[in-house]
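Reader: Could you take me on a close tour of one part of this protein, the charged pairs around a single strand, and then show me what sits nearby in your account? I would love the reasoning along with the numbers.

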Amino acid sequence: MQTDWTLSPRWEVVGALRYDYFSDGHDSHLTPKLSARYKARRNLNLRFGYGMGFRAPTLKEKYYDFDMAGIWIVQGNDRLKAEVSHHVNASMEWMNQNWCATATTYYNKVKDKLATGVPFYKPGEGSQLFLDYLNLDDYSVYGAEATIQACWDNGITTKLSYAYTKENLAKDKEGHKVNNQYLPARPHALTARVEWSRQWNKDYHLNIALHGRVHSSITNMEYADYYDISKGTQEIEYPAYMLWKLSTAHRIGKAVKVTVALDNLLNYRPRYYYLNAPITDGINLQAGVAIDIDRLW
């Protein structure tokens, strides 16, 4: 159920209620959402929001039983609780004829977050490792994002974005730190894009784009040997990196489009390839042709 109130030319409020019921476990929850927009000036909008989330465990998380390449057996947990989250955010949006800028800050808190736990040995199972699903006692993440973009009549468009993300240390119900098997967010990320587009004549259109992203370094706890957890964990530092891609698109007539791109222009190669390393082995040339048969004649 959702409703929208226009309180005045400056204020708009949206409220919503959602009800979920899952027969497996007879679990249900009512989640509200509320957002507001304030038009401070003709070209300036301020937004505020709150939302509650609810997610019941999936079939996989409750009943999975899978041998993961001999490393460990992943098992479901039929005693899992549903996770409940709270999200708050505030943002600003400013626009004029050629420019647009946005800034957002947010905070997420999740109770009983569904995740995988720490690998363990079962009595009588020898050296076989097991990994089960569990609820984390407390998890939260907060951050901020800022974006500025512009476009001009000469066909040039630009966009620059920065994001800051901070996650807390996840723990299980007993207070033990849970080794992150997923990719932890890098604290700082910067993306940039410059694009130029021009229609030279009725039969030829050209688009050139340069896109780049920069990610800060991050340190993650990982097992020294996933086949033998008795060797303990170690801190792995993934260094900062930068990737750039130059691409061109050529529209020939109405039916043919040719694309050529150079990915990883600076020929970056990670020192090692693992969980949080970009999957690239250096500069890469890509080319393609697309033909719309319906437009050939």
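Author: Happy to. Let us begin with Glu83 and Arg55, whose side chains meet in a salt bridge, with N and O 3.5 Å apart. Glu83 lies in strand 7 and Arg55 in strand 4, so this pair ties together parts that are 28 residues apart in sequence. Please keep in mind throughout that this is a predicted model.

How do the two partners compare in exposure? Glu83 has a relative accessibility of 13% and therefore counts as buried, since the cut-off for that label is under 20%. Arg55, at 31%, is partly exposed, because its value falls between the 20% and 50% limits. The pair also belongs to something wider: salt bridges with shared partners join Arg55, Glu61 and Glu83 into one network.

The two strands have another charged link. Arg47 forms a salt bridge with Glu93, and the closest N and O atoms there are 3.6 Å apart. Arg47 sits in strand 4, which covers residues 44–55, while Glu93 sits in strand 7, which covers residues 83–95; the two are 46 residues apart, so to speak distant parts of the chain that the pair links. Arg47 is partly exposed, with a relative accessible area of 34%.

For context, a search of the whole structure finds 9 salt bridges. Another of them joins the side chains of Arg193 and Glu195, with an N to O distance of 3.1 Å. Arg193 counts as partly exposed, at 32% relative accessibility.

Strand 7 also has a nonpolar side to its story. A nonpolar surface patch is formed by Met92, Trp94, Trp99, Ile148, Trp152, Leu160, Tyr162, Leu190, Val214, Met242 and Leu266, and together these residues have about 910 Å² of accessible area. Strand 7 and strand 13 (156–167) are the elements that give two or more residues to this patch. Met92 is found in strand 7, and at 33% relative accessibility Met92 counts as partly exposed. That value lets Met92 qualify for a patch on accessibility, because patch residues need over 30% relative accessible area.

You may also wonder about the cysteines. The count of disulfides comes to 0. Cys100 is in no disulfide, and its nearest cysteine sulfur, that of Cys151, is 9.4 Å away. Because a disulfide needs sulfur atoms within 2.5 Å, that pair does not qualify. Cys100 is buried, with a relative accessible area of 18%, whereas Cys151 is partly exposed at 38%.

One last stop takes us to a polar residue in a loop. Asn264 lies between strand 19 (256–263) and strand 20 (284–291). With a relative accessible area of 1%, Asn264 is buried. What does its side chain meet there? The side chain of Asn264 makes a polar contact with the side chain of Thr280, at 2.9 Å. Leaving aside residues up to four places away in sequence, Asn264 touches Leu243, Trp244, Thr280, Gly282 and Ile283. Thr280 therefore appears both as a polar partner of Asn264 and among the residues that Asn264 touches.

To return to where we began, strand 4 and strand 7 are linked by Arg55 with Glu83 and by Arg47 with Glu93.

Methods. Residues are numbered from 1 along each chain as its sequence is written. This is a predicted model: local features need pLDDT of at least 70, side-chain atom pairs count only at pLDDT 80 or more; totals for chains, interfaces and linings use all residues. Side-chain values use heavy atoms; hydrogens and water are left out. A salt bridge is a side-chain nitrogen of Lys or Arg within 4 Å of a carboxyl oxygen of Asp or Glu. Helices (H or I, at least four residues) and strands (E, at least two) are DSSP runs, numbered from the N terminus. Buried means under 20% relative accessible area, exposed over 50%, partly exposed in between (1.4 Å probe, protein chains only). Patches are made of residues with over 30% relative accessible area and no salt bridge: like charges are joined within 9 Å, nonpolar side chains (Val, Leu, Ile, Met, Phe, Trp, Tyr) within 5 Å. Accessible areas come from the Shrake-Rupley method with a 1.4 Å probe; for residues, only the protein chains shown count as cover. A polar contact is a pair of N or O atoms within 3.5 Å; within protein, one must be able to donate a hydrogen and the other to accept it, and residues adjacent in sequence count only if both atoms are side-chain atoms. Contact means heavy atoms within 4.5 Å.
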